[in-house]
Amino acid sequence: MLQSIVSSVRIQHTRNKPKRKKSRGRFKAQIVTPISSHREGIEKRVEKHFSKPQNDVHSKPKFQSPQICVCEVKQRINRSKDQILTDMEANFQIAAKSSCKLVVYPQLYTTGFDMSKERQKVAALTLADVHSDIYRLASKYSLCVLYGYPKFLPGEDVLYNCTMFLDTIGGCYREYRKSNCANETRYGRGSDSAKTFASPGLGCKIGMAIGFDVGNLDKDSALDFQNQGCQLLLVCNIRSPTITPKLEEIRGKLRIAYCYYSYDDKDHIHVL
């Protein structure tokens, strides 16, 4: 009699006992996920102006990418310094409201590219002191800025195609002169070495390139960017870049932000 009561209580207890759900660990799920399908998913989410590194399933990005404001603007020629600053401040206000840390402009932004060499020399001398004004303006909004401009050295009679990076947050700047020139009779040739440097304001290492610098990247120069620890490559163009196999190779390993002139003669501001 006692045994039958005990056995009935055990059966009832077993029936009323809630079933345990099988734990599906996150680490186990990550191991099962094929790396190839993970990369295909990343490639589909790559944006027009900004590429993300193709990380393996178990790896994490080395740094948190800053919010970037890419100014795809129409070309403006014969602007005064005040007009340049007015146009840039309008873009800086949009960037600040969007919580951006970096604003990027196209190649030869201050003067435009569609002018004769002699006129560009004159414009370069006229706007030689614009950089300090842009720095003060960017400091007002706590922004870093990258823009293209021509630099003329009268003593050498050489015109350079340059970019200027102003880190108003970290209090530094860096100039780069284009090394791969399509027309070397117009512009002087800058340094062949990859330009990579630390930006205290953005908290990462920046690389700078202009136009053909990226299209002509060979394995050695691509390795220079990687070996120097470049995390964010900023490219100033005139038109949208052609994605060559060499560019595709480094695009999977670095984060790249492009900026070029608009095709419809209108200003387009992209927050990435």
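**Helix 4 and its surroundings**

In this predicted model, the buried residues of helix 4 pack against four named strands and a helix: strand 2 (68–72), strand 3 (102–104), strand 4 (144–153), strand 11 (268–271) and helix 6 (130–140).

Which residues of helix 4 are buried? They are I84, L85, M88, N91, F92 and A95. Seen down the helix axis, these buried residues fall within an arc of 130°, so they line one face of helix 4. The general geometry helps here. An α-helix has 3.6 residues a turn, so residues three or four places apart point the same way. On the other side of helix 4, D82, T86 and K97 are exposed.

Now take the length. Helix 4 covers residues 81–97, which is 17 residues. At 1.5 Å a residue, helix 4 should span 24 Å. Its end C-alpha atoms are 24 Å apart, so the model agrees with the expected value. After helix 4 comes S99, which has a positive phi, near 60°.

Next, turn to strand 11, one of the elements that the buried residues of helix 4 pack against. H268 lies in this strand. Is H268 buried or exposed? H268 counts as partly exposed, because its relative accessibility is 27%; the buried class requires under 20%.

H268 also links distant parts of the chain. Its C-alpha atom is 5.9 Å from that of V73, although the two residues are 195 residues apart along the chain. Leaving aside residues up to four places away in sequence, H268 touches V70, C71, E72 and S262. The side chain of H268 also joins that of D264 through a polar contact of 2.9 Å.

Terms used:
Residues numbered from 1 in each chain as written. Predicted model: local features only at pLDDT ≥ 70, side-chain atom pairs only at ≥ 80, totals over all residues. Heavy atoms only, no water. Helix = DSSP H or I, 4+ residues; strand = E, 2+ residues; numbered from the N terminus. Expected span 1.5 Å × (residues − 1). Buried < 20%, exposed > 50% of the residue type's maximum accessible area, 1.4 Å probe, protein only. Arc of directions from axis to C-beta. Contact = heavy atoms within 4.5 Å. Polar contact = N/O pair within 3.5 Å; in protein donor to acceptor, adjacent residues only side chain to side chain.
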